[in-house]
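Welcome, and please open your viewer. We will take this tour one selection at a time, so keep the selection tool handy.

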Amino acid sequence: MTRADAFPLEGGCTCRAVRYRMATRPLFVHCCHCRWCQRETGASFALNAMIEADRVTLLQGRLEIVDTPSNSGKGQRISRCASCKVAVWSNYAGAGDAIRFVRAGTLDEPDRLPPDIHIFTSSKQPWVVLPAGTPAVPEYYDRNAFWPSESLERRAALLAARSGR
Ligand SMILES: [Zn+2]
Ligand SMILES: [Zn+2]
């Protein structure tokens, strides 16, 4: 897991117009090897840090929200810099606006957030060699089996706050 003392982290887009701050450790970090992520990144996988939306602050710049199809069929809303169009995070239909999937590669120090799990490895490009010791699943997974208890508690608190509104 990521060191607790490494936060906050900052990141942003390529033209430097958009800057953001991630206040705490994310809930969980996905390395997704699905074909959709391969296409969106133009590479072999996407690295997404899932975190409560209110723990990510936009410090400067303007985001453009782009509705984009997703693997689930329910779509995702990708937040991109309005100038250079680099994607900094997504919101998926499942968790709605409450959880952001921050593109870990946009952090100033992306090395701080290695994957907690590799998902959709059934479509992993064959030359990508996964490290021993990090969980890997062919498609998706049961959160309760992999997330640390602190992250499960944070998620439960988030859902409780949403239903209480
Ligand atoms: Zn930009
Ligand atoms: Zn994916």
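What follows is a walk from the whole chain to single residues.

**Stop 1: the whole protein**

Start with everything shown as a cartoon, and keep in mind that you are looking at a predicted model. How many helices and strands does the protein have? There are three helices and ten strands. If you trace the chain from its start, the elements come in the order β-β-β-α-β-β-β-β-β-β-β-α-α. The protein has a radius of gyration of 15 Å, close to the 15 Å given by the globule rule for 165 residues, so it is as compact as a globular protein of that length. Switch to the C-alpha trace: along its principal axes it spans about 40 × 35 × 35 Å.

Now turn on the surface. The protein exposes about 8,600 Å², and carbon and sulfur atoms supply 52% of that area. Buried residues make up 44% of the 165 residues. Next, colour the charges: there are 22 positive and 16 negative ones, and their mean positions are 4 Å apart. One more figure for the whole chain concerns contacts between residues at least 6 apart in sequence: 56% of them join residues at least 24 apart.

**Stop 2: the zinc ion**

Select the zinc ion, ligand 2, and show the side chains around it. Which protein residues are its donors? They are Cys32, Cys34 and Cys37, each through its SG atom, at 2.1 to 2.3 Å from the zinc ion. Look along the sequence and you will find these donor residues spaced C-x1-C-x2-C. Both Cys32 and Cys34 are buried.

**Stop 3: the start of the chain**

Select Ala6, which sits in the segment before β1 (9-12). Is Ala6 buried or exposed? Ala6 is buried, with a relative accessible area of 8%. Draw a distance from its C-alpha atom to that of Cys81: the two residues are 75 apart along the chain, and the atoms are separated by 25 Å.

Move on to Leu9 in strand β1. Leu9 has a relative accessibility of 3% and counts as buried. Its C-alpha atom is 5.1 Å from that of Met22, a residue 13 places away along the chain. Show what touches Leu9, skipping neighbours within four places in sequence: you should find Tyr20, Arg21, Met22, Leu107, Glu109, Arg112 and Leu113.

**Stop 4: two strands to compare**

Select Thr57, in strand β5 (residues 56-60). Thr57 is partly exposed, at 41% relative accessible area. Beyond its neighbours within four places in sequence, Thr57 is in contact with Arg19, Tyr20 and Arg21. Now find Glu40: it is 17 residues from Thr57 in sequence, and their C-alpha atoms are 24 Å apart.

Then select Ser79, which belongs to strand β7. Ser79 is buried, at 3% relative accessibility. With neighbours within four places left aside, the contacts of Ser79 are Leu63, Glu64, Ile65, Val86, Ala87, Val88 and Trp89.

**Stop 5: two backbone angles**

Here is a background point for this stop: most residues other than glycine have a negative phi. Select Lys85, in the loop between β7 (76-81) and β8 (87-92). What is the sign of phi at Lys85? The angle is positive, about 70 degrees, although Lys85 is not a glycine. Lys85 is partly exposed, with a relative accessible area of 37%.

Now jump to Phe120, in the loop between β10 (117-119) and α2 (143-146). Phe120 is not a glycine, yet it has a positive phi of about 55 degrees. Its relative accessible area is 18%, and buried means under 20%, so Phe120 counts as buried.

**Stop 6: the last helix**

Finish with Glu150, in helix α3 (residues 149-163). Glu150 counts as partly exposed, at 39% relative accessibility. Which distance separates Glu150 and Leu27 in space? Their C-alpha atoms are 8.3 Å apart, while their positions lie 123 residues apart in sequence when you count from one to the other. Show both residues together and you can follow that pairing on your screen.

Technical notes: Residues numbered from 1 in each chain as written. Chains lettered and ligands numbered in written order. Predicted model: local features only at pLDDT ≥ 70, side-chain atom pairs only at ≥ 80, totals over all residues. Heavy atoms only, no water. Helix = DSSP H or I, 4+ residues; strand = E, 2+ residues; numbered from the N terminus. Rg over C-alpha atoms; globule rule 2.2 N^0.38 Å. Buried < 20%, exposed > 50% of the residue type's maximum accessible area, 1.4 Å probe, protein only. Contact = heavy atoms within 4.5 Å. Areas by Shrake-Rupley, 256 points an atom, 1.4 Å probe, with all protein chains shown as cover. Lys, Arg positive; Asp, Glu negative; His and termini not counted. Charge placed at Lys NZ, Arg CZ, Asp CG, Glu CD. Donors = N, O, S within 2.8 Å, 3.2 Å for Na, K, Ca; no water.
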